[in-house]
Amino acid sequence: MANSVSRFFAVDLVISSICFLLWSFLDSKKIGLKGWWVVLLTNFSVGLSLAIPLYFYKRELTKH
């Protein structure tokens, strides 16, 4: 939080992660996706840039 730009970036990333995790959790329950916890783990360990594509990949596998 060195300056206002870095503070904005950090807050934006946290809000984006929370929104994505909430939506993906509810969506995974609706479509019956198993292993949603892996998406949660990747979001906290690596970041949103891996969690989003992983979720959509798992979602596509569940549909077929």
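**Exercise 1. The overall build**

What radius of gyration does the chain have, and what would a compact globule of 64 residues have? Work out the general form of this predicted model.

*Solution.* Start with the radius of gyration: the chain has 14 Å, but for a compact globule of 64 residues the value would be near 11 Å. Next, look at the extent of the C-alpha trace, which spans about 45 × 20 × 15 Å along its principal axes. Then list the secondary structure: there are three helices and zero strands, and the pattern along the sequence reads α-α-α. Now turn to the surface. The chain exposes about 4,700 Å², with 72% of that supplied by carbon and sulfur atoms. Buried residues account for 27% of the 64 residues. Finally, take the contacts between residues at least 6 apart in sequence: 50% of them join residues at least 24 apart.

**Exercise 2. Two helices side by side**

Find how α1 and α2 are arranged, and say which residues meet between them.

*Solution.* First, find the axes: those of α1 and α2 come within 10 Å and cross at roughly 170°. An angle over 145 degrees counts as roughly antiparallel, so α1 is roughly antiparallel to α2. Next, look at who meets whom. On the α1 side you will find Ser 17, Phe 20, Leu 21, Ser 24, Phe 25 and Ser 28, and on the α2 side Trp 36, Val 39, Leu 40, Asn 43 and Phe 44.

**Exercise 3. Rings around Phe 20**

Classify the aromatic pairs that Phe 20 forms with Trp 23 and with Tyr 55.

*Solution.* Ring centres within 6.5 Å make a pair. By this rule the count comes to six aromatic pairs. For Phe 20 and Trp 23, the ring centres are 6.4 Å apart and the planes stand at 40°, so this pair is tilted. Both residues belong to helix α1, which covers residues 4–31, and because they are three residues apart there, about one helical turn separates them. Phe 20 is buried at a relative accessible area of 9%, whereas Trp 23 is partly exposed at 38%.

Now take the pair of Phe 20 and Tyr 55: the distance is 6.0 Å centre to centre and the planes are 80° apart, which is edge-to-face. Here Phe 20 sits in helix α1 and Tyr 55 in helix α3 (residues 48–63), so the pair ties together parts 35 residues apart in sequence. Tyr 55 is buried, with a relative accessible area of 0%. To finish, put the rings together: Phe 20, Trp 23, Tyr 55 and Phe 56 form one aromatic cluster.

**Exercise 4. Asp 27 and its surroundings**

Is Asp 27 buried or exposed, and which residues does it touch beyond its sequence neighbours?

*Solution.* Begin by placing Asp 27 in helix α1. Its relative accessible area is 5%. Buried means under 20%, so Asp 27 is buried. Leaving out residues up to four places away in sequence, Asp 27 touches Tyr 55 and Arg 59. Tyr 55 is also the edge-to-face partner of Phe 20. As a last step, compare Asp 27 with Val 39: they are twelve residues apart along the chain, and 13 Å separates their C-alpha atoms.

**Exercise 5. Val 38 in α2**

How many residues separate Val 38 and Lys 58 in sequence, and what is their distance in space?

*Solution.* Locate Val 38 first: its place is in helix α2, residues 36–45. Then check its accessibility: at 26%, Val 38 counts as partly exposed. Last, pair it with Lys 58: the two are 20 residues apart in sequence and 10.0 Å apart in space, C-alpha to C-alpha.

Notes. Residues are numbered from 1 along each chain as its sequence is written. This is a predicted model: local features need pLDDT of at least 70, side-chain atom pairs count only at pLDDT 80 or more; totals for chains, interfaces and linings use all residues. Side-chain values use heavy atoms; hydrogens and water are left out. Rings of Phe, Tyr and Trp (its six-membered ring) pair if their centres lie within 6.5 Å; planes under 30 degrees apart count as stacked, over 60 as edge-to-face and the rest as tilted. Helices (H or I, at least four residues) and strands (E, at least two) are DSSP runs, numbered from the N terminus. Buried means under 20% relative accessible area, exposed over 50%, partly exposed in between (1.4 Å probe, protein chains only). The radius of gyration is taken over C-alpha atoms; the globule rule is 2.2 Å times the number of residues to the power 0.38. Contact means heavy atoms within 4.5 Å. Accessible areas come from the Shrake-Rupley method with a 1.4 Å probe; for residues, only the protein chains shown count as cover. Axes are lines fitted to C-alpha atoms, for helices over the stretch in contact, and angles run from 0 to 180 degrees between N-to-C directions. Angles under 35 degrees count as roughly parallel, over 145 as roughly antiparallel, 65 to 115 as roughly perpendicular and the rest as oblique.
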